[in-house]
Structure formats: C-alpha cells, structure tokens
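Have the model open in your viewer and a selection box ready. We will go from stop to stop, and at each one you will hear what to select and what is there.

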Amino acid sequence: MIAYATDEDLEGDDIDVDTLATDLDNEDLSPEDFISEQNEALSIIKPNLKLDMPSTTQSIDKPTKKLRTYNEAITHACQQKGTENDKNKTMFIVNTLSLKPFAILDNHGNEENALAHDTIVNKLVAKHDSMKSIPTMKRLYEDDSATNSLCISCSLQVHTELSNLFDTSPYSSLLKQREYTPLTDDICTLLNKDWQFYPQVKYFSATVFAGSIILNTNNNQAIMINTVEMYGRTKTTDYHRESFGKLKNSVITNSLPPPIRTFHQNVWPTSLDVRDGKKLVIGTQVSNALVTSSIRLDEKGFVSIGATSSHFMLDTIKDSLASKIFIDLNSLKSAKALIEDPSTTHVSDIGIIFHQLRQVRTKFHLPSTYSLCRASGPITINHTCHPFSLFTLSEFDRGRSPSVSIFRTIANEVLSNNSNAKLAKENVSRWINESKGKRKAILCNILDLYESDKDRLPILYNAPLNKELEALAILLIPTIVEANKSVEAQVKQVFEVFGCL
C-alpha cells in the first residue's frame, strides 16, 4: 500500500513542496525517456473535411409497372368502356362527388383502382404501402429534358419513403419539383465534428437542415424546415449554447442525442419546453439546430414563425425515434462546398448577409453573437420569407421604431471591423431625438457611457453597453412577433401559389 502526503501532512515540516513535486514527477524516469518525449510529434488537427454526395439512384420510387393516369384510373375503377362521351360523363360525376382514384398493387405490381374521398385516400395510402395515390400530373420532369424546357406542372422522381407524402400533400406540385435524399451516416458524422477545430461545420449544418423535411413515421405528420439557426454546445464555441446541468431534483432537458440506436446516429430531432411554449430542435453532440420557420406538409395552412413551434410536436422519445430527416439535394450541394472550405465564414454569398444572423436577445458584447449561421431553404430563399431578428427589424415596413436601428448598426460594425467595432456618438444622439419613452431612456443611458473627449464607443467586450442593449432587446420582442405575422403570410402564399399549380 502506498501512502500519499496530503497538504495537512506537509504543514509545519521543513519540506520544499516544489522540490517534492519535481521529485515525484521525475520518479522512475531516465534521460532517455525525456529524449523520447521531446521527439514525439504532437497531434495536429487540420480543418480539412470532405463530403461525397449520396447516390439517389437506388432509392427512387419507380414501380415495376407504370401506373394508370388519373383519368385512366377513374374509368378503370368504374369499368367504363364506352364512348369518349360516356367516359366524360363518368369523369364529371366522379369530380362532382369529390372522389379521387387510388391504386392498389399486389406483390407483382399488378394494379387495381378504386375511388374514395381525398381524406380517405390519404389515410389509406399512409397506412398501407400497397396503396398509392394517383396525382393529377401526367408527365415527369425528365420528359422535357430533350427540349431543355421547364415544365412547372411536371415532377422529378420521388424518393420511395416520401412518395405517399408527396402524392397527398396540399403542396404536391411544389414538392415534386425538388429532390430529397435521406440524412446519411456520412452527413451525420460531419454534423458532429468539433466546431473548435472545424469552424466551417456550423455553416455546413445550417445549410444541410435548411429546406429539409422531417417525417414522423408514427403519425405521418411532416414539416419542411424553412429557416434554421445553429447553436454550439459549449461556451467555448458559442455563449448562446443550450443550457445543461442539474436542477433541484432532476437535470435540465436538452437536445443531446441519446446513447441508443436511431435512424440518424448522433442526430436527434425533439421538442423542448421553453418559457413561451415548445421549440423544435435537432440536436447533435456538438450543436443544436433551432427551427425558426416551418410548415406542415401533410395538412394545409399550418405555418410556424419564431423560436417556438406548436404545429409539429416531438414530445416523446417514441416520436423522436420515429422521425426521419430528408435533405434537399440543392441544399446538400451548397453544404458540400462549405464543408470543404475551412476558410468559410458565413452560410451563403447570395442574399442579404444580415439575414444570416440569429435572433438572439443577449450577449451583444461577445463575438459569437454575430456568427452568420442561420440559413433558409430553397423554397423560402426570398428575404420576405425570413423570420425577423433584432438585426433585421429595421427593414419592417409597417410601423417605425428608430431605436431598432442600433442593432443593425452594431452588427454592421462588428462584421466590418471585428475587434475595432465602435458605435458612433452622433448616431445615438439622433436615435434619442427620434425616440420616446423607455426606449429613449435606454438610449440616453448609452450616451452617458461615452467619455467626454470620445465620439466612438467600443462594442465588443463592453459589458455596460451590453446591459443597455439587452434591456432594449426585451422591449423590442413584441415588435418582432408582430413583424413575423407578415412573414407567416408570405410563406403561406409561396406554398399555396406554387404548391397547387
């Protein structure tokens, strides 16, 4: 048994603690050991990553036999073999009764047809793989490739696991013009790379999830993620990290992936309770993606804008386990370019840079607040479909609050000048003259922070300035909520106009 001296044992003895520590450290070590350690090369982590695009050729829903068209299925279901006039009468009666045809396939791909109301067809197709909805589209997108013309009412080939959703979705036309691939193991691995050593991963992750589809295979509910914001796991990478740790009688619920087998390893979609409701997030070991804009794809009209989501819930482990993620192929191609470039500093060169800033309310004096890691999907690429943040609120056309300009000005300074970012005194004075009430009082407090002989105030690591900005941010939250109502209307319009062509 070896006895170790404690701090109490050493008190009062004439022993040099430093000498003792050195002797213990050097015990049983020879000069050759030091030489060996000096010659040993340290591991250097290089921020180079690569993504091979997944193959989609083996996962496309291509029936062994071509299904009947919409009109053919109706006449077959009714066993109408008369003249064209008789067939037209049959079509008229079926449409008047709001009936739709669907296909029933046997093990050999042989097709029979039946008629039912749209809601019944959707339920049957969702529950039975042998049943297929028959869309009104008559041509595939690839049919027009020879003429190089674009067909807005044509579709691309659909992944097998999404075929039922795409056939029954109220936005079927829009969805079928895009290609999706399941979230693969290779992509999951890249999503879990350490931000500290692979900083491009935050931008890659945002782009991967933007425009993606989450399908809950338990209840066949599905959403498209229109806009997503990435947050790091620890304060060394992001001071706005998701909270974790111990509560009085439990631990804080978080989005960390569980140590069990899942559809997507170390990627965990879930709903978390927050003060204002529930937020929908996708957790990895190194980050969590906050969904700030989404739309239900299996039903019409359910759009969620902001940090909380109420129209798509993953409240239980069962729901999270049953959820599959499908990535927009165009988004994945953009993400591939980002992950292979370690010098990447933002999500995209296209569009308004300020829209890549996250909606945060605190820590305006820290650099990570200004990370450009918010992305929107291809369908909602238009800036009018992006949720408002403190940094873009000055763009809101309806209503005017001069004080909101301070956040855009500060962001512009930080993104342009980094550690040398400063807030001009003349701007603060002008906003004071244009403001009133509590907002004016906060701006006056900011003006008092300037030294008498200085016209510019440092922004980063300025705790007193941050305190005032956080107070102002709280006052502006209702304005953001109101502004986001216009975003909700814009998103609905895009899906309803282009989804029903």
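Begin by selecting Ser-323, which lies in strand S11, residues 323-328. This is a predicted model, so please read every value on the tour as computed from it. Is Ser-323 buried or exposed? Its relative accessible area is 2%, under the 20% cut-off, so Ser-323 counts as buried. To see what surrounds it, show Ile-214, Leu-215, Asn-216, Phe-263, His-264, Pro-269 and Leu-314, which Ser-323 touches, leaving aside residues up to four places away in sequence. Now add Ala-222: the two C-alpha atoms are 9.0 Å apart in space, while Ser-323 and Ala-222 are 101 residues apart in sequence.

**Zoom out**

Colour the whole chain by secondary structure, and you should find 16 helices and 14 strands. The chain has 501 residues, and 44% of them are buried. Among contacts with a separation of 6 or more, 67% join residues 24 or more positions apart. If you switch on the surface, the accessible area is about 27100 Å², with 51% of it belonging to carbon and sulfur atoms.

**Strand S9 and its partners**

Next, select residues 287-296, which make up strand S9. How many of its residues are buried? The count is 10 of 10.

Add residues 221-232 for strand S6, which pairs with S9 in the antiparallel sense over 9 bridges. Label Met-230 here, and you will find it opposite Ala-289 in S9.

Then add strand S8, residues 277-283, which is also antiparallel to S9 and pairs with it over 3 bridges. Ala-289 turns up again, as the bridge partner of Ile-282. Follow the backbone from S8 to S9 and you pass through a hairpin with 3 residues in between.

Strand S10, residues 303-305, pairs with S9 in the antiparallel sense over 3 bridges. Look for Ser-294 opposite Ser-304 in S10. The hairpin here has 6 residues between the strands, and one of them to label is Gly-301, with a positive phi near 95°.

While you are at S9, show the side chains of Arg-296 and Asp-298, which meet in a salt bridge at 2.8 Å or less on your ruler: the N to O distance is 2.7 Å. Arg-296 has a relative accessible area of 5%, so this residue is buried.

**The largest nonpolar core**

Now select Leu-297, Tyr-370, Ile-406, Phe-407 and Leu-423. The largest nonpolar core has 64 residues, and these five touch the most other members. Which helix gives the most to this core? Helix H16, residues 463-498, does so with 12 residues.

Centre on Leu-297 and show its contacts, including Leu-165, Tyr-171, Ile-213, Ala-222, Met-224 and Phe-495. Another core of 39 residues lies apart from the largest one; Leu-51, Leu-280, Ile-339 and Val-347 are among its members.

**Along helix H16**

Stay with H16 and pick Pro-464, which is found in this helix. Its relative accessible area is 45%, so Pro-464 counts as partly exposed. The C-alpha atom of Ile-446, 18 residues away along the chain, is separated from that of Pro-464 by 8.3 Å.

Further along H16, select Glu-482 and Lys-485, which lie 3 residues apart, about one turn of the helix. Their side chains meet in a salt bridge, at 3.3 Å from N to O. Glu-482 is partly exposed because its relative accessibility is 43%.

**More charged pairs**

The structure holds 18 salt bridges. Select Arg-233 and Glu-242, whose side chains meet at 2.8 Å, N to O; both residues are buried. Then show Asp-273, Lys-278 and Asp-315 together, and you have a network of salt bridges.

**Last stop: helices H4 and H5**

Select residues 70-77 for helix H4, where Tyr-70, Ala-73, Ile-74 and Thr-75 are buried. The buried residues of H4 pack against H5, strand S1 (99-105) and strand S2 (111-117). Just after H4, Gln-79 takes a positive phi of about 55°.

Finish on Phe-92 in helix H5, residues 84-96. With 58% relative accessibility, Phe-92 counts as exposed. Add Ile-93 and Leu-97 to complete a nonpolar patch on the surface, with about 340 Å² of accessible area together.

Note on methods. Residues numbered from 1 in each chain as written. Predicted model: local features only at pLDDT ≥ 70, side-chain atom pairs only at ≥ 80, totals over all residues. Heavy atoms only, no water. Core = buried A, V, L, I, M, F, W, Y, C linked by side-chain atoms within 4.5 Å. Buried < 20%, exposed > 50% of the residue type's maximum accessible area, 1.4 Å probe, protein only. Helix = DSSP H or I, 4+ residues; strand = E, 2+ residues; numbered from the N terminus. Contact = heavy atoms within 4.5 Å. Patch = residues over 30% accessible without salt bridge, like charges linked within 9 Å, V, L, I, M, F, W, Y side chains within 5 Å. Areas by Shrake-Rupley, 256 points an atom, 1.4 Å probe, with all protein chains shown as cover. Salt bridge = Lys/Arg side-chain N within 4 Å of Asp/Glu carboxyl O. Pairing = 2+ DSSP bridges.
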